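Open the model in your viewer and keep the selection panel at hand. Each stop below names what to select and then says what is there.

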Amino acid sequence: MRTTGKAALAAVAVFGIGLAGCSGNGATPGSSTSAGASGGPSSAAPSGSASAGGGAGATGAAASCLVGTWKASDLTGKLSGPVNGTLTGGGGTLLTIDSAGKTQVDFGPMQPVTFTFNVSGNDVKGTFAYSGTVNGTVKTPTTNTGTLEPTGTVDFSSLKVTVDLSAPAAIRVADKTPISEFTGTGTADTGGAVDAQPVLKKSQYDCSGNTLKLSPPQGGADTGTWTFTKS
């Protein structure tokens, strides 16, 4: 059975998966969001740019080891808290950063992420994949490790997500749904596996040769570490 949108979310609840008390990172991005540490919504208009770039007036700088185009090998992580589980996949995602910190994440080539968790004695399994691009500007120290943090606004206006559950029932929860419509109940129904602000957010980075890892900030509740290879 396949369906989409809010009707699918209602169907998920019928199958006993409802996780309204759980959430991912609590973010609610709209057309564009503030890229400050708070991650809260912003009233700034989206940039609408197809190339890497941040909001108007955004200033940034990236460590030399970050500059270039990177291709994701995988996203791996563990779900914890209200649910326990794992997620893995996401290869092919492209990340481009220039020396001024202008950044673009292209999810067009992304392979699906597989997630699994258990709630109320039921195994929940499925996959998700993003599509579209995310644009912004980041600032980092000059070192090969440190904190990567967006500055100005981050444009999520073209970001969409497709989610398919395989257990306890086969159902399409979202079909290229704008991330602004999926946050909240949608991320909860996937146990928080779907990140409302993927990749381009405050992260710990580690550049080692041709490998880049972006991990949740120390003490952060976000899920998953992205591993990229210089392309």
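Select residues 94-97 and 102-106. These are strand 4 and strand 5, which pair in the antiparallel sense over four bridges. Two strands pair if DSSP finds at least two bridges between them. Strands here are DSSP runs (E, at least two residues), numbered from the N terminus. This is a predicted model: local features need pLDDT of at least 70, side-chain atom pairs count only at pLDDT 80 or more, and totals for chains, interfaces and linings use all residues. Residues are numbered from 1 along each chain as its sequence is written, and side-chain values use heavy atoms, with hydrogens and water left out.

Stay on this pair. Which residue of strand 5 stands opposite leucine 94? It is aspartate 106. Now look at the turn. Strand 4 and strand 5 form a hairpin with four residues between them. Glycine 101, in that turn, has a positive phi of about 90 degrees.

Add strand 8, residues 133-139. Strand 5 and strand 8 run antiparallel, joined by five bridges. Pick lysine 102 to see one of the partners: its bridge leads to threonine 137 in strand 8.

**Past the end of strand 8**

Step on to threonine 140. It lies in the loop between strand 8 and strand 9 (145-155). Is threonine 140 buried or exposed? Its relative accessible area is 13%, so it is buried. The cut-offs: buried means under 20% relative accessible area, exposed over 50%, and partly exposed in between (1.4 Å probe, protein chains only).

Draw a distance from the threonine 140 side chain to the backbone nitrogen of alanine 63. It reads 2.9 Å. That is a polar contact (a pair of N or O atoms within 3.5 Å; within protein, one must be able to donate a hydrogen and the other to accept it, and residues adjacent in sequence count only if both atoms are side-chain atoms). Then show the neighbours of threonine 140. Leaving aside residues up to four places away in sequence, it touches Ala61, Ala62, Ala63, Leu66, Thr147, Leu148 and Tyr205. Contact means heavy atoms within 4.5 Å.

**Into the core**

Follow that list to leucine 66. With the same sequence neighbours left out (up to four places away), it touches Ile97, Thr140, Leu148, Tyr205, Cys207 and Leu212. The largest nonpolar core has 46 residues, and Leu66 and Phe128 touch the most other members. Such a core is a set of buried Ala, Val, Leu, Ile, Met, Phe, Trp, Tyr and Cys residues joined through side-chain atoms within 4.5 Å. In soluble globular proteins, nonpolar side chains tend to be buried together.

**The rings**

Show Phe107, Phe115, Phe117, Phe128, Tyr130, Trp226 and Phe228. Ring pairs link them into a cluster. The whole structure holds six aromatic pairs. Phenylalanine 115 and phenylalanine 117 are stacked, because their ring centres are 6.3 Å apart and their planes are at 15 degrees. The rule: rings of Phe, Tyr and Trp (its six-membered ring) pair if their centres lie within 6.5 Å; planes under 30 degrees apart count as stacked, over 60 as edge-to-face and the rest as tilted. Phenylalanine 115 is buried at 0% relative accessible area, and phenylalanine 117 is buried at 2%.

Swing to tryptophan 226 and phenylalanine 228. Their ring centres are 6.0 Å apart and their planes at 20 degrees, so this pair is stacked. Tryptophan 226 is buried at 6% relative accessibility. Phenylalanine 228 is buried at 0%.

**Charged side chains**

How many salt bridges are there? Three, counting a side-chain nitrogen of Lys or Arg within 4 Å of a carboxyl oxygen of Asp or Glu. Select Asp164, Arg172 and Asp175, which are linked in a network. Aspartate 164 meets arginine 172 at 2.8 Å, N to O. Arginine 172 meets aspartate 175 at 3.6 Å. Aspartate 164 is buried at 17% relative accessibility, whereas aspartate 175 is partly exposed at 35%.

Next, select aspartate 195 and lysine 201. Their side chains meet at 2.2 Å, N to O. Aspartate 195 is buried at 13% relative accessible area, and lysine 201 is buried at 14%.

**Last stop**

Finish on lysine 230, in strand 14 (residues 225-230). It is partly exposed, at 32% relative accessibility. Its side chain reaches the backbone oxygen of valine 67 at 3.3 Å.
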